Amino acid sequence: MATKAKSAISGTEQLLSRIVDGLNHVNKKLDSIIQLNKNILSMQKRLLRKYSIQGPSVTELKIEPDALSLLSLPASLRKTVMVLYKLEKATAEGLAKETGRLRAVESAAANQLVRLGYLKKKREGREVYFYIESPMEIEK
Amino acid sequence: MKGKKRRVITIHSSRGGTGKTVIATNLAAIYANKGLNVVLLDLDFRAPSLVAVFSKTIKGPIKHWLGDFLDGRCKAKQALIDVSEGYNFRGKLLVGFANPSIDAIRNLVEKSRAWEVTAVKKLFSLRSTLFNEMGIDCCIFDTSPGVQYTSVNAVVSSDISVIVTTYDSLDMKGVENMLVELYDAFAKKTVVLVNKVFPETRMWSNREQKQLISRMEKVLRHPVIGVIPCFCDVLQAKRTSLLAVEKPNHPFVRNLEEVAEKLEVGVETNLEEKVVGK
């Protein structure tokens with residue numbers, strides 16, 4: 001009985017030792033992945049610094065929001081642009097009144113459209129207005 | 001539409017030859033005859049036709065075209081010509097003409113996407129000019145067929161679109177695609193009008209008509225607002241003749257009057273509930 005117990009303990013120890021070895025191996029791999037990630041992040045930072053001086057800034061993106069190109073936008077964003085065809089300029093509150101959605105939803109949608117280059121935004125006093133930049137003046 | 005909601009109606013089709021312009025002009029005449037103040041705009045810049053239709057009633061050369069308004073070269077009022085006198089309508093009919101000259105067509109076809117953005121905004125601004133400043137009750141856009149900038153701009157800026165189609169399988173397939181990919185995407189109120197269905201000689205009962213409408217509504221998943229038979233004399237009539245004025249008792253006009261009534265009243269009641277996007 002004693003011999004059997006000894007051999008079972010020895011087997012368990014061996015198994016544990018192999019698990020520890022395996023975990024150490026995984027740990028080393030994770031360390032190298034973390035290091036690689038750090039390298040990528042620092043490379044990205046260097047590139048962003050370089051292009052923010054020499055290249056076009058992301059905020060300079062401009063896409064013409066013509067009716068046909070709206071078809072490639074998600075329905076939630078399309079609705080916001082369509083309201084701005086009508087209103088010329090609007091705050092998130094004004095957009096929400098037209099679409100019947102929450103102000104926060106409109107704010108998120110309009111800001112996303114600004115980032116995508118479809119809309120512009122400007123501050124007038126305490127209000128932030130979203131608008132479509134148009135090359136021609138609207139004359140009634 | 002007096003006492004009712006003023007609206008902009010777009011007349012559109014997936015392909016040419018469905019009778020879009022005949023429908024648009026006669027619909028405008030029906031409303032003007034009822035005493036409404038109507039504006040009809042030729043937004044088919046690639047193949048303008050309203051100049052030919054109203055040629056007898058236009059006095060002198062046209063100074064400002066619809067394209068001039070969209071280009072910012074004139075005001076909306078300057079681009080609208082009152083043709084009601086020539087027809088003795090109870091209301092007014094003002095028409096915005098598209099320039100049929102090759103140069104003007106080429107000029108408008110070559111416009112940039114930035115210009116199209118301004119154009120759609122101008123169509124939106126136009127409605128407040130028409131409804132709030134000029135006392136207009138109804139505005140009808142006669143558009144170019146298929147998916148083109150001018151027609152899509154019209155669809156986006158209108159309250160309701162009427163897609164005119166024949167019973168031809170290609171036409172129907174085109175309408176089916178447009179409904180899904182264009183109209184539903186813009187969540188626009190849309191109805192279908194089937195034109196030139198059967199020869200006028202084939203008499204059909206109300207039951208037959210209802211069955212056809214029901215079948216088509218199942219396939220298109222949008223309301224079918226009317227079914228107009230194919231009348232030989234309508235096809236053969238001169239393009240300068242307005243049937244709603246010259247032959248007000250013609251079955252084509254009677255059919256169209258029902259459509260006009262539904263657009264005026266029905267769309268705001270039971271039909272509206274069936275409209276996708278509502």
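This report describes the fold of chain B, moving from its overall form to its sheet and its core.

The model is predicted, so that local features need pLDDT of at least 70 and side-chain atom pairs count only at pLDDT 80 or more, while totals for chains, interfaces and linings use all residues. Residues are numbered from 1 along each chain as its sequence is written, and chains are lettered from A and ligands numbered from 1 in the order in which they are written.

**Overall form**

Chain B contains 12 helices and eight strands, where helices (H or I, at least four residues) and strands (E, at least two) are DSSP runs numbered from the N terminus. Its radius of gyration, taken over C-alpha atoms, is 18 Å, close to the 19 Å that the globule rule (2.2 Å times the number of residues to the power 0.38) gives for 278 residues, so chain B is as compact as a globular protein of that length. Of these residues, 49% count as buried, a residue being buried if 20 or more other C-beta atoms, placed from the backbone, lie within 10 Å of its own.

**The sheet**

The eight strands of chain B form an open sheet in the order 3-4-2-5-1-6-7-8, with mixed pairing; two strands pair if DSSP finds at least two bridges between them. Strand 3 (80–82) and strand 8 (224–227) of chain B stand at the edges with a single partner strand each, so one side of each is left without a neighbour in the sheet.

Strand 2 (residues 38–43) of chain B has six of its six residues buried, so it is largely enclosed by the rest of the structure. B:Val38, B:Leu40 and B:Asp42 point one way from this strand, and B:Val39, B:Leu41 and B:Leu43 the other way. Its two parallel pairings are set out here.

| Partner of strand 2 in chain B | Bridges | Residues standing opposite |
|---|---|---|
| Strand 4 (residues 93–96) | four bridges | B:Val38 and B:Leu93 |
| Strand 5 (residues 138–143) | six bridges | B:Leu41 and B:Phe141 |

**The core**

In soluble globular proteins, nonpolar side chains tend to be buried together. Here the largest nonpolar core, meaning a set of buried Ala, Val, Leu, Ile, Met, Phe, Trp, Tyr and Cys residues joined through C-beta atoms within 7 Å, has 103 residues, and those with the most contacts inside it include B:Val38, B:Leu40 and B:Leu93. Helix 1 (residues 20–33) of chain B gives the most to this core, with nine residues. Not counting residues up to four places away in sequence, B:Val38 touches, among others, B:Ala28, B:Leu93 and B:Ile140, a contact being two C-beta atoms, placed from the backbone, within 7 Å.

How values were computed: Buried ≥ 20, exposed ≤ 12 C-beta atoms within 10 Å, placed from the backbone.
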